[in-house]
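Student: I have a model open and want to learn how to read it. Can we go through a strand and a core together?

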Amino acid sequence: MYRNRPLGRMALMALMAALMVVSVVMPAQATGGNEERAVRFATFNASLNRGSIGELLDDLATPDDPQIQAVAEIIQRTRPDVLLINEFDYDPNGTAMALFQENYLSVSQNGATPISYPHTFAAESNTGIQSGRDLDKNGVIGGPGDAFGFGFFPGQFGMAVFSMYDIDEGTARTFQNFLWKDMPGRLIPANPVTGEPWYDEGDMEVFRLSSKSHWDLPIQVGSKTVHFLVSHPTPPVFDGPEDRNGTRNFDEIRFWADYIRGGQHSRYIYDDAGAYGGLAPGALFVIAGDQNADPFDGDSVPGAAQQLLDSPKVNTKITPASDGGVEAADQGPPNDTHLGDPAFDTADFSEAAFGGPGNLRADYVLPSRSLKMVDAGIFWPTSDDPYFYLTGPGFPPVSSDHRLVWIDITKGGFPGR
């Protein structure tokens with residue numbers, strides 16, 4: 001596990017609810033210069049994953065990888081204070097994060113102002129760690145489908161957090177080893193032929209809920225602690241009529257809904273150190289990550305995203321939006337049958353040749369109700385925007401098929417400040 005290490009020279013988805021829509025893509029000058037905001041929280045599935053162990057390290061070791069340059073420039077132009085990057089291959093030594101900082105974030109990309117994060121956090125991901133069970137029921141034990149989280153090697157598609165503020169390592173909690181069977185009322189995928197549970201008792205004795213992990217990272221913002229609750233639930237696809245990935249996705253999202261609810265609703269939760277329970281009453285939090293669930297469209301179990309969006313603990317007064325998402329909805333089917341407002345989309349899945357589900361709202365940054373949002377947005381430029389080249393059309397994408405999503409909390413938004 002690599003946590004909170006200061007970086008040195010060695011140092012990447014019915015009808016819409018009536019939500020206020022604000023702020024689309026912000027130019028570089030406005031993104032970093034809003035003096036009224038206290039802190040910007042963001043999530044970015046940056047597709048900084050590679051096909052083999054060490055490949056990301058090799059790409060980060062030089063400053064000229066075009067995709068990493070585009071990712072770094074998006075971060076420099078949006079300037080988050082606290083940033084979760086999904087799909088950042090895990091490196092137990094922290095070298096990957098240090099190289100990303102040194103060779104990309106600390107170097108101006110196309111005239112953007114460099115950005116430096118003195119605090120980082122990464123921990124083991126369940127991806128690629130073999131379960132020893134035939135979880136995908138193909139008759140063979142081994143391979144990415146039998147890992148605790150889909151992956152060709154341990155840590156592929158991992159997570160990394162970069163922060164301007166101190167991360168309290170001593171009270172950070174990880175939930176990598178929490179077993180799915182220990183969630184009361186969990187969804188049970190069933191074999192469509194036999195009607196029996198897809199996973200047998202032996203499978204469930206070892207099956208971990210998190211396809212990557214769930215982390216509770218206490219961020220020290222002045223005199224206040226904000227719990228940065230980050231995860232990356234499995235996509236609710238790439239399975240069959242048993243919907244094993246859809247049910248898991250639903251319960252991975254439910255984990256945070258129970259965690260922030262606290263009390264008896266989170267009593268079953270235990271962390272990797274053996275401590276039980278969820279957040280204390282009144283604790284400040286921001287939930288962030290690629291949840292792989294759109295409230296209205298796509299293949300997730302109905303209501304998956306609403307577990308967070310409808311929580312009385314969550315502030316949804318401002319919904320991040322972009323003009324680029326609206327323009328990109330013109331890519332054609334299946335976007336033209338979607339129910340959701342494309343302004344809220346955060347991922348471009350409309351590659352018809354690949355049978356994509358269309359553009360979806362998959363990525364979320366959701367603060368606790370007691371935190372005051374004053375602004376929010378999605379970095380998705382329109383085709384006439386000077387930064388369109390960072391997300392432009394085509395496959396593979398210039399940077400990522402996901403967009404960076406951010407929210408701003410004012411100084412007055414922190415109780416007691």
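Tutor: We take a strand, then the cores.

Tutor: This is a predicted model, so local features need pLDDT of at least 70, side-chain atom pairs count only at pLDDT 80 or more, and totals for chains, interfaces and linings use all residues. Residues are numbered from 1 along each chain as its sequence is written, and side-chain values use heavy atoms, leaving out hydrogens and water.

Student: Is strand S6 enclosed by the rest of the structure or not, and why?

Tutor: In a regular strand, side chains alternate between the two faces of the sheet. Strands here are DSSP runs of E, at least two residues, and helices are runs of H or I, at least four, both numbered from the N terminus. Buried means under 20% relative accessible area with a 1.4 Å probe, protein chains only. Strand S6 (residues 159–163) is largely enclosed because five of its five residues are buried. Met-159, Val-161 and Ser-163 are on one side, Ala-160 and Phe-162 on the other.

Student: Which residue in S6 stands opposite Leu-84?

Tutor: Val-161 does. Val-161 is also the bridge partner of Phe-121. Two strands pair if DSSP finds at least two bridges between them. Strand S4 (residues 82–88) runs antiparallel to S6, with five bridges.

Student: Which residues have the most contacts inside the largest nonpolar core?

Tutor: A nonpolar core is a set of buried Ala, Val, Leu, Ile, Met, Phe, Trp, Tyr and Cys residues joined through side-chain atoms within 4.5 Å. In the largest, of 34 residues, they are Leu-229, Phe-255, Trp-256, Tyr-259 and Ile-287. Helix H6 supplies the largest share, seven residues. Another core, of 32 residues, lies apart, with Tyr-90 among them.

Technical notes:
Buried < 20%, exposed > 50% of the residue type's maximum accessible area, 1.4 Å probe, protein only.
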